[in-house]
Amino acid sequence: METLMRRLTFLGAGVAGVGACVQSCLYNVDGGHRAVIYDYARGVLPDVKGEGTHFRIPILQRPIIMDVRTRPRNVHASTPSKDLQTVNITLRVLFRPVPEKLPQIYTQIGVNYDDVVLPSYTFELLRAVVAQFDASELISQREIVSQQINELLAKRAEESHLLLDDVSLTHLTFGKEFTHAVELKQVAQQEAERARYVVEKAEQTKQASIISAEGDSEAAEMLSTAFANVGDGLIELRKLEAAEEIADTLGRSPNVTYLPGGQNVLLNVGGR
């Protein structure tokens, strides 16, 4: 019985040892990640391991898990413009590494490549691009500035084996003095627009008065000409037309009574 127990103990220890050995020989790579193998004898191996379970030589090899998903990075910079105005700018970069180049990235930069590479040359490119534009141009030509930064940054990222999915300017402000000057300029422009509107309205009123006066003058001149040509006949015609209009109006009124001329008409007033 004692011998059997001893054999079972040895067997259990052996199974546990084999299990531990198998466990140390396997490693998992989760979704959105890749593995680079560091061999203590040969250094970083050129092969990149994809998602799933893989085999390694215990003690001799060590897997380095690296994220290959698209990630955001915000880079802040305060730099002068072409007209020496302080510009506070924030650039949002969506980046990811080239999976096939992970061994080179790990060898040249390390696992935290986004902390080492992106802030350094992004800040450098921001300073270089912003220095080419005046403060007003940075506002009016924001898309051009963003496109130029995108093109230059994509070239620099390619040298570090990085892919940029999107680059955009999310924040662009200036110093207090320039902001105050812009506000004063906007107020002045609004006042100028208001003054121009008042002037245009006065000019239109003046033109309307002139046109009305010219029309009255032409009408008076036409009447004077007509009187000179026909004498009093036009006046008599206007009198007849007015009398006809008055008679027509009175004829339609029920409160008007016509009395024949030259006849004696007796009216019974008040029942007398």
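A residue is called buried when its relative accessible area is under 20%. That idea helps with this predicted model, where R56 is buried yet has no salt bridge. Here is a short tour of R56, a small sheet of 3 strands and some of the salt bridges.

**R56 and its surroundings**
- You will find R56 in the loop between β4 (52-55) and β5.
- The nearest side chain of opposite charge is D39, 9.8 Å away, and a salt bridge needs a nitrogen and an oxygen within 4 Å, so this pair does not count as one.
- The R56 side chain does reach the backbone oxygen of Q61, at 2.6 Å.
- Leaving aside residues up to four places away in sequence, R56 touches S24, C25, Y27, Q61, R62 and P63.

**The sheet**
- Three strands form an open sheet in the order β3-β2-β5, with antiparallel pairing.
- β3 (43-49) and β5 (61-67) are at the edges with a single partner strand each, so one side of each has no neighbour in the sheet.
- On average, neighbouring strands of this sheet are turned by 30 degrees against each other, direction ignored.
- Strand β2 (residues 33-39) is joined to β5 by 7 bridges, and V36 stands opposite I64 in β5.

**Salt bridges**
- The count comes to 9 salt bridges.
- One of them joins R34 and E51, whose closest N and O atoms are 3.8 Å apart.
- R34 belongs to strand β2 and E51 to the loop between β3 and β4, so the pair ties together parts 17 residues apart in sequence.
- R73 forms salt bridges with D114 at 3.9 Å and with D115 at 2.5 Å.
- R71, R73, D114 and D115 are linked in a network of salt bridges.
- Within that network, D114 counts as buried at 12% relative accessibility, while D115 is partly exposed at 44%.

Note on methods
Residues are numbered from 1 along each chain as its sequence is written. This is a predicted model: local features need pLDDT of at least 70, side-chain atom pairs count only at pLDDT 80 or more; totals for chains, interfaces and linings use all residues. Side-chain values use heavy atoms; hydrogens and water are left out. Two strands pair if DSSP finds at least two bridges between them. Helices (H or I, at least four residues) and strands (E, at least two) are DSSP runs, numbered from the N terminus. Axes are lines fitted to C-alpha atoms, for helices over the stretch in contact, and angles run from 0 to 180 degrees between N-to-C directions. Buried means under 20% relative accessible area, exposed over 50%, partly exposed in between (1.4 Å probe, protein chains only). Lys and Arg count as positive and Asp and Glu as negative; His and the chain ends are not counted. A polar contact is a pair of N or O atoms within 3.5 Å; within protein, one must be able to donate a hydrogen and the other to accept it, and residues adjacent in sequence count only if both atoms are side-chain atoms. Contact means heavy atoms within 4.5 Å.
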